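Hi,

Here is the structure I promised to pass on to you. Have a look at it first, and then read on for my notes.

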Amino acid sequence: MTIFSKIIAGQIPCYKIAEDEKFFAFLDIEPLVKGHVLVVPKLEVDKLFDVPDDYLAGMLVFAKPIAHAIEKAFNCNRCGISVVGLEVPHAHLHLVPINTANDLNFTKGKTKTTEEELKVVQEKILSNL
């Protein structure tokens, strides 16, 4: 069971943004920038392109209103999307408020955030959904 499956099952706390029968979205607790959200299928599959077609198509549709909420909540040019998937063997999308392509640079240091900062970010996104 991956850490994402444990989060989905409620075994590990998270800052949930959205959920339906197939997908779960929550804040990255070590974000590239404030507003960084992970979108995860509830189906535990390692690689994104091994996810069944209906899930793969559905992930983007599920992510769309979250991306719009991120754009409204944060001062950014757009919500960027990235698929890296090296740290956790569970397919997922990164939704990140960006102003330049470098804002999606996963080799730079991650941001340390407090519980209070994460709650504020969560509320900003939720209030724009």
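Below is what turned up, going from the core to the empty spaces and then to the charged pairs. Please keep in mind that this is a predicted model.

**The cores**

Let me begin with the inside. The largest nonpolar core is made of 28 residues, and V37, I66 and I125 have the most contacts inside it. Several elements bring at least two residues each to this core: strand 1 (16-19), strand 2 (23-27), strand 3 (37-41), helix 2 (53-73), strand 5 (93-98) and helix 3 (115-126). Of these, helix 2 gives the most, with 9 residues.

If you want one residue to centre your view on, try I66. Once its neighbours within four places in sequence are set aside, I66 is in contact with I17, A18, A25, V37, L95 and L129. Another core, of 8 residues, lies apart from the largest one; F4, I7, F26 and L38 are among its members.

**The largest pocket**

Next, the open space. The largest pocket holds about 470 Å³. Its lining comes to 23 residues, and the ones nearest the centre of the pocket are F4, D28, L38, E87 and K110. You will recognise F4 and L38 from the core of 8 residues.

Which elements supply at least two residues each to the lining of this pocket? They are helix 1 (3-8) and strand 2. Helix 1 has the largest share, at 3 residues. Sorted by class, the pocket lining has 15 nonpolar, 4 polar and 4 charged residues.

**The cavity**

There is also some enclosed space. Searching the whole structure for cavities of 30 Å³ or more gives 1, and the volume of the largest cavity is about 50 Å³. The residues lining this cavity are L27, D28, P31, V33, K34, G35, H36, T113, L118 and V121. By class they split into 5 nonpolar, 3 polar and 2 charged. D28 is worth a click here, as D28 lines the cavity and is also one of the residues nearest the centre of the largest pocket.

**Salt bridges**

Last, the charged pairs. The count of salt bridges is 7, and I picked out three for you:

- K16 and E19 form a salt bridge whose closest N and O atoms are 2.9 Å apart.
- K42 and E19 are joined by a salt bridge at 2.8 Å, N to O. This pair links distant parts of the chain, with K42 in the loop between strand 3 and helix 2 and E19 in strand 1, 23 residues apart.
- E115 and K119 form a salt bridge with 3.2 Å between the closest N and O atoms. Both are in helix 3, and because they are 4 residues apart, about one helical turn separates them.

Through shared partners, K16, E19 and K42 become one salt-bridge network. How buried or exposed are the three residues of that network? E19 has a relative accessibility of 36%, so E19 counts as partly exposed. K16 is also at 36% and therefore partly exposed, and K42, at 27%, counts as partly exposed too. Over in helix 3, K119 is partly exposed as well, at 38% relative accessibility.

If you open the model with one view in mind, I would start from I66 and its contacts, then turn to F4 and the pocket.

Happy viewing, and best wishes!

Conventions:
Residues numbered from 1 in each chain as written. Predicted model: local features only at pLDDT ≥ 70, side-chain atom pairs only at ≥ 80, totals over all residues. Heavy atoms only, no water. Core = buried A, V, L, I, M, F, W, Y, C linked by side-chain atoms within 4.5 Å. Buried < 20%, exposed > 50% of the residue type's maximum accessible area, 1.4 Å probe, protein only. Contact = heavy atoms within 4.5 Å. 1 Å grid on protein atoms, 1.4 Å probe; cavity = no way out; pocket = protein on both sides within 12 Å on 5 of 7 lines; lining within 4 Å. Points joined across faces, edges and corners; volume = space filled by probe spheres on them. Nonpolar A, V, L, I, M, F, W, Y, C, P; charged D, E, K, R; others polar. Salt bridge = Lys/Arg side-chain N within 4 Å of Asp/Glu carboxyl O.
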